[in-house]
Each structure stands twice: as structure tokens, then as C-alpha cells.
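Q: Could you take a close look at one part of this model with me? I'd like to go through its salt bridges slowly, one pair at a time.

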Amino acid sequence: MNCMLFSGPVCVMLAPVKSVLRMLAGLSIVACAMSIAQGQTSPQPVLPLWPDGAPGALGKEPKDIPTLTVFFPDAALATGAAMVICPGGGYGMLADHEGAGYARWLNQQGITAFVLKYRLGSSGYRHPRMLEDAARAMRLVRFNAVEWKLDTNRIGIIGSSAGGHLASTLLTHFDPGHADAPDPVERLSCRPNLGVLCYAVITMGDETHRGSRDNLLGKDPSPELIKELSNELQVTKDTPPCFIFHTYDDQAVPVENSLQFAAALSRCKVPYELHIYQHGAHGMGLGTKSANQEQMHEWAGECKRWLKEQGFGK
């Protein structure tokens with residue numbers, strides 16, 4: 001298998017509730033967090049990001065309720081690191097093999113995984129709702145770090161295709177939290193400590209995946225919005241370290257998306273590792289439905305090594 005490898009520099013008291021309903025919802029999340037910490041993980045717990053409903057929700061159906069599904073590793077393997085997972089699907093659906101499939105692979109490395117069900121363009125949502133969901137997921141994991149036995153400085157994000165765009169958006173549009181927010185979750189930073197981008201949509205410009213852009217921004221976005229969500233233009237020195245992979249053969253998302261993001265990281269002297277493989281279809285995920293790591297695509301082994309080097313995996 002042909003591969004090019006590029007590496008960057010090495011461096012590796014709650015506010016009063018408004019109603020009894022809100023209080024009960026809050027207590028239910030705390031109780032769920034406690035049960036997770038005690039190892040009650042079958043079936044996998046699913047947590048709503050907002051007990052009272054997400055901001056800008058268009059209804060109360062499952063498609064209007066962003067959630068996190070929690071996958072804990074065996075306690076003997078757990079490293080205290082975690083990853084929020086953004087499945088791909090063109091901002092129109094969510095691909096399970098890039099969600100639960102990745103979660104089980106991360107669990108094998110001792111990493112706690114959280115699959116994000118974010119709101120979608122196919123359900124009537126547009127930016128910034130998807131980014132709000134990703135940011136809230138990061139804050140919620142940090143908020144529950146003690147109960148879940150996690151290190152708040154070892155929480156990353158991984159995304160594929162359009163999910164990679166969402167991950168790269170959070171990697172470049174994070175904030176330190178809102179100190180005066182009545183909701184204590186919102187007071188925490190949503191900055192990931194690292195990112196993994198798999199055949200990611202990065203730009204909203206000429207080399208974007210048009211379906212993803214239409215679902216995220218609508219059919220006729222302004223030039224300003226296109227620039228704001230072209231994440232190769234939003235990298236700064238504060239962008240977290242990244243592992244990036246893509247294939248030259250990708251017919252859905254041009255490889256230039258990853259090349260441009262890596263070049264931006266390099267200009268800002270942000271540590272990164274980039275793998276470009278000659279062959280491989282878009283949406284490959286781990287390259288196999290099997291949990292056998294020897295049958296996975298080569299990128300999975302390289303990423304496993306990289307995550308270990310960053311202090312995340314075993």
C-alpha cells in the first residue's frame with residue numbers, strides 16, 4: 001500500500017432551577033453519570049446534551065434531541081482519556097460504523113468514547129446548531145470527568161467526512177467557556193485536547209463536498225459564512241494537535257481538504273501527523289467490520305500509535 005507521511009513539529013452550586021421538571025431532569029443525568037461510573041454500561045447509556053431541550057430545537061422528536069452514547073473500556077484498560085466521536089453522513093445522516101464502530105476500537109485502547117448524535121440538515125437544522133452540539137458534548141464530558149474517572153486535559157475529538165468537518169470546526173472555533181453562565185456545564189471550555197480527522201470535509205469553498213455544505217449552510221450561503229466554516233482558514237497557534245488521514249482515490253471529498261488543513265497547521269506550528277494513502281474508498285471507516293485490529297486499515301494502527309504517543313491510549 002502506497003503512503004505518504006508528513007509530520008509537523010513534535011510535542012506532543014448550581015443556579016436556581018426554573019421548574020421542578022428541570023430539577024428532575026438534572027437529577028436524572030447525575031444519577032445516570034453515577035451509574036456509568038459504577039460500570040453499569042449495558043446497554044450503552046444515552047444522555048441528552050440539554051435536559052430542557054437544545055437551543056434552537058425545532059421540536060421534541062428524537063431528531064431534535066442531540067445526545068451522547070457512552071462506551072466505557074474495561075476498567076483494567078482504562079487510561080482516563082476520552083474521545084468525542086462525530087460520525088459522518090453529509091450532515092444528512094449519521095454512519096454507525098463511524099460512530100459505535102470507532103467507539104469499540106477506542107475502548108480496546110483504554111479510551112472512553114462518546115458517540116455524538118448531532119442535529120442534521122436533513123431535519124431542518126443549519127449552522128450553528130451542529131457546532132453547538134459538539135461544543136456542548138465536550139463541555140458535558142468535562143463536567144462529568146470526576147464521576148467518569150476522566151482527565152479533563154485528555155479529551156479529544158474524532159470525526160469522519162462531514163463529521164470530520166464538525167470536528168475540525170470545534171478544533172478551530174472553540175471557546176474557554178462562559179464564566180457567568182447559569183448552567184455550570186456552559187462555564188467549561190469546549191476546546192478539545194487533540195483531534196483525529198478521517199477523510200474530512202474541511203473547506204466550504206470550491207473543493208468542498210457540496211451535499212455537506214448544502215445541509216450545513218443552505219443552498220445560497222454568504223461569502224462570509226463560507227469563509228467562517230472553511231476551517232483551513234481558521235487555524236491558529238492555539239488549534240490542538242491533529243492526526244489526519246485521507247486517500248488519493250477519494251471521489252467524494254477531494255484529498256485537498258486534508259492537505260490544506262495540514263498546511264495551515266504547519267504554518268501555525270501546530271503539531272500534526274498526516275497520512276495520504278493512494279487507494280481507498282470514501283467512508284471506509286476502520287476498513288473492516290471486524291474488531292480484529294489486524295484486519296483494519298493501516299491508518300487505524302498508525303492512529304493507535306499516535307494516540308499512545310499523546311498519552312491517550314495503551
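A: Let's begin with Asp 238, which comes out as partly exposed in this predicted model, at 39% relative accessibility. Asp 238 forms a salt bridge with Lys 237, and their closest N and O atoms are 3.4 Å apart. Lys 237 itself is exposed: its relative accessible area is 65%, and the cut-off for that word is over 50%.

Some charged side chains are joined up into a group. Arg 136, Arg 139, Asp 175, Asp 183 and Glu 186 make one network, linked by salt bridges that share partners.

Now try the pair Asp 151 and Arg 154, whose side chains meet in a salt bridge at 3.1 Å, N to O. Asp 151 is partly exposed at 28% relative accessibility. Arg 154, on the other hand, has a relative accessible area of 19%, and since buried means under 20%, Arg 154 counts as buried.

Glu 132 and Arg 119 give us another pair, with a salt bridge of 3.6 Å from N to O between their side chains. Glu 132 sits in helix H3, residues 129-143, while Arg 119 is in the loop between strand S5 (112-117) and H3, so this salt bridge ties together parts that are 13 residues apart in sequence. Here Glu 132 is partly exposed, at 23% relative accessibility, whereas Arg 119 is buried, with a relative accessible area of just 1%.

And if you want the full tally, the structure holds 15 salt bridges.

Note on methods. Residues numbered from 1 in each chain as written. Predicted model: local features only at pLDDT ≥ 70, side-chain atom pairs only at ≥ 80, totals over all residues. Heavy atoms only, no water. Salt bridge = Lys/Arg side-chain N within 4 Å of Asp/Glu carboxyl O. Helix = DSSP H or I, 4+ residues; strand = E, 2+ residues; numbered from the N terminus. Buried < 20%, exposed > 50% of the residue type's maximum accessible area, 1.4 Å probe, protein only.
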